[in-house]
Amino acid sequence: MTHPTDPGRRRFLTHGLLATGTLMLAGCDRLSRSDAMQHLFAASEGLTQRAHRLLASREALAREYAPEDIAPSFRANGTTMPRESDYLRLAANDFRDWRLEVDGLVERPGTFSLAELRGMPARTQITRHDCVEGWSCIGEWTGVVLGELLARVGVRDEARFVVFHCADRYWGGDRYYESLDLREAYHPQTLLAYGLNGDDLPIANGAPLRLRAERQLGYKMAKYVMRLELVASFAHLGRGRGGYWEDRGYRWWAGI
Amino acid sequence: MRLFRAMRRASRPTVIKRHSAFTRVWHWINAICLAILLMSGLQIFNAHPALYWGKDSTFDAPALSIGAERADDGSLRGITHIGVWRFDTTGVLGVSGPEADRERRAFPAWATLPGPRWLAMGRQWHFLAGWVFAPLLVAYLVYLVASGQLRRRLLPRRDEWPRLGHVVVDHLRLRFPRGEEARHYNLLQKLAYLVVLFVIAPLVVLTGLTMSPTMDAAWPWLLDVFGGRQSARTLHFLAAAALLAFFVVHLLLVLISGVGNNLRSMITGRYALPPDHAPSQEKEPHDDASH
């Protein structure tokens with residue numbers, strides 16, 4: 001037996017369902033922000049980091065690819081053209097006046113020109129860049145092995161992290177910065193790259209110097225690097241979470 | 001009086017213990033985890049709503065993509081591409097939300113966790129639920145093997161196979177085993193649970209791990225097994241879709257094959273074997289006695 005549809009009743013049911021849905025969504029969002037969930041999320045990140053450290057040895061290498069795997073054009077993401085005047089001045093002169101500053105908890109703070117960095121032990125690797133959004137892109141990177149540079153300035157025992165200070169303000173906000181702990185910083189594939197696919201690093205991809213940390217997601221790999229700072233803690237930087245995106249809710253451990 | 005009690009007992013269905021405590025607890029925790037994983041997974045997918053096959057993303061030739069386009073009349077249309085096919089999916093995929101306030105997003109807000117676009121939070125839910133789901137899955141598979149339940153309850157016996165066609169037809173006609181036949185899983189149940197537990201669930205975990213650059217350094221074979229990170233991402237999505245399909249069918253069958261009995265068996269463990277014949281067809285024992 002069929003009942004004639006009652007529009008009033010149907011509307012009531014639909015609205016009821018919609019209201020329940022909205023309440024549930026609002027509830028989820030409140031739950032997401034609650035202290036209890038924040039603790040659980042932090043615990044889950046800690047577990048992931050420890051598991052990764054257990055399974056991936058210090059030396060375990062990211063996959064390196066063949067030249068034919070290189071993507072026709074390497075996707076540029078985040079800032080692709082910094083608008084800061086000091087950066088633009090340096091770019092106008094092909095970064096000849098650009099200097100990388102290295103300071104903080106080091107024995108011999110110093111500055112390095114691009115030519116000096118190019119003269120240091122270099123590495124070229126064809127690796128896959130994994131964005132937190134989900135896409136991947138393969139490119140060939142050339143740069144100075146970060147560990148070699150750190151050895152040159154002499155890292156002090158108290159230092160635990162390398163902070164990468166950048167020239168760009170993403171969307172005109174805070175200056176971009178990122179941090180790696182020393183284990184990841186000394187990884188043989190961790191580079192300060194000045195070359196992409198056999199050419200100078202393009203501005204869209206972070207010229208004159210960007211970080212490559214091949215066992216991490218893309219947001220770790222700071223572009224337009226101006227200064228390295230060795231620190232014992234990054235609590236005093238930005239909002240204290242160790243990076244631009246970390247300050248905006250992304251996790252410091254970017255291994256997944 | 002004793003005769004009467006005996007007859008009552010005879011007409012009462014046999015109650016068996018169907019699920020162990022571990023199975024029951026695992027089942028419900030799993031249900032919550034899978035809901036969170038699926039919805040937060042769609043949130044993560046929305047950050048880059050395209051799938052590829054291979055080592056990296058061939059941006060101009062995705063296997064699947066969900067996007068939005070402006071139609072000639074100026075309205076926003078949700079367009080889903082699968083290979084060379086193109087579908088208008090406005091309202092659900094690509095463009096969704098109330099008519100007056102359409103939003104460009106691959107999966108609609110009601111399907112994602114959290115509702116609004118929030119990749120960072122979707123990831124946190126996903127990994128937290130993953131940390132519960134994956135270890136419990138491993139524990140449950142080990143338990144099934146070690147307790148002998150895999151052999152006793154899930155692996156089909158040789159003599160079951162010839163009845164496969166029969167069982168399929170019975171299921172399609174929504175006729176489910178009754179009486180002693182319902183004491184054990186039927187062939188279709190066994191196959192469904194085996195495939196979900198030992199193929200799809202491990203697949204979803206391993207393809208998930210393959211998307212982690214650190215895991216790829218730790219276990220490079222993951223990339224070889226799944227044909228690259230982007231293939232793994234696509235397989236992860238397909239495996240999740242398979243789990244969702246399983247869930248839908250599972251829920252429907254639970255509902256129509258005796259929902260109270262089924263639910264009780266997964267809460268208290270006790271399952272009443274459905275009587276061989278419907279009670280109305282049974283002759284009332286009193287009638288015989290009165291003659």
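1. In this predicted model, the contact between the two chains draws 39 residues from chain A and 31 residues from chain B. On the side of chain A that touches chain B, the elements contributing two or more residues are α1 (7-33), α2 (35-55), β3 (122-130) and β4 of chain A. The largest share of that side, 7 residues, is supplied by α2(A). Sorted by class, the side of chain A that touches chain B holds 19 nonpolar, 10 polar and 10 charged residues.

2. Chain A contains an open sheet of 5 strands, arranged in the order β2-β1-β10-β5-β6, in which the pairing is mixed. The edges are taken by β2 (110-113) and β6 (175-181) of chain A, and because each has a single partner strand, one side of each is left without a neighbour in the sheet. From one strand to the next, the twist averages 20°.

3. At the β6 end of the order, strand β5 (residues 161-169) of chain A and β6(A) run antiparallel and are joined by 6 bridges. Within this pairing, Phe164(A) has Glu178(A) in β6(A) as its bridge partner.

4. Phe164(A) reappears in the largest nonpolar core, a set of 49 residues, where Phe164(A), Cys166(A), Leu192(A) and Val225(A) are those with the most contacts inside the core. The elements giving two or more residues to this core are α3 (85-92), β1 (99-104), β4 (136-145), α5 (146-153), β5, β6, β7 (191-196) and β10 (225-231) of chain A, and β5(A) provides the largest share, 6 residues.

5. Which residues is Cys166(A) in contact with, leaving aside its neighbours within four places in sequence? They are Arg175(A), Tyr176(A), Tyr177(A), Ala222(A), Lys223(A), Tyr224(A), Val225(A) and Met226(A). Apart from the largest core lies another core, of 35 residues, and among its members are Ile256(A), Leu93(B), Phe133(B) and Phe226(B).

6. Turning to chain B, the domain assignment gives domain 1 (7-49 + 107-278) and domain 2 (54-106), and the centres of domain 1 of chain B and domain 2 of chain B, taken over C-alpha atoms, are separated by 30 Å. Their contact involves 13 residues from domain 1 of chain B and 14 residues from domain 2 of chain B. On the side of domain 1 of chain B that touches domain 2 of chain B, α2 (21-47) and α9 (229-256) of chain B are the elements that give two or more residues, with the largest share, 4 residues, coming from α9(B). By class, the residues of that side of domain 1 of chain B divide into 5 nonpolar, 6 polar and 2 charged.

7. The strands β2, β3 and β4 of chain B can be read together. Strand β2 (residues 50-51) of chain B runs antiparallel to strand β3 (residues 64-70) of chain B, the two being joined by 2 bridges, while 7 bridges join β3(B) to strand β4 (residues 76-82) of chain B, again with the strands running antiparallel. Ser65(B) is a useful residue to follow through both pairings: Ala50(B) stands opposite Ser65(B) in β3(B), and Ser65(B) in turn stands opposite His81(B) in β4(B).

8. How many residues lie between β3(B) and β4(B) in the hairpin that they form? There are 5 residues between them, and Gly74(B), which is in the turn, has a positive phi of about 90°.

Note on methods
Residues numbered from 1 in each chain as written. Chains lettered and ligands numbered in written order. Predicted model: local features only at pLDDT ≥ 70, side-chain atom pairs only at ≥ 80, totals over all residues. Domains from an automatic or database assignment. Contact = placed C-beta atoms within 7 Å. Nonpolar A, V, L, I, M, F, W, Y, C, P; charged D, E, K, R; others polar. Pairing = 2+ DSSP bridges. Axes fitted to C-alpha atoms, helices over the stretch in contact; angles between N-to-C directions. Core = buried A, V, L, I, M, F, W, Y, C linked by C-beta atoms within 7 Å. Buried ≥ 20, exposed ≤ 12 C-beta atoms within 10 Å, placed from the backbone.
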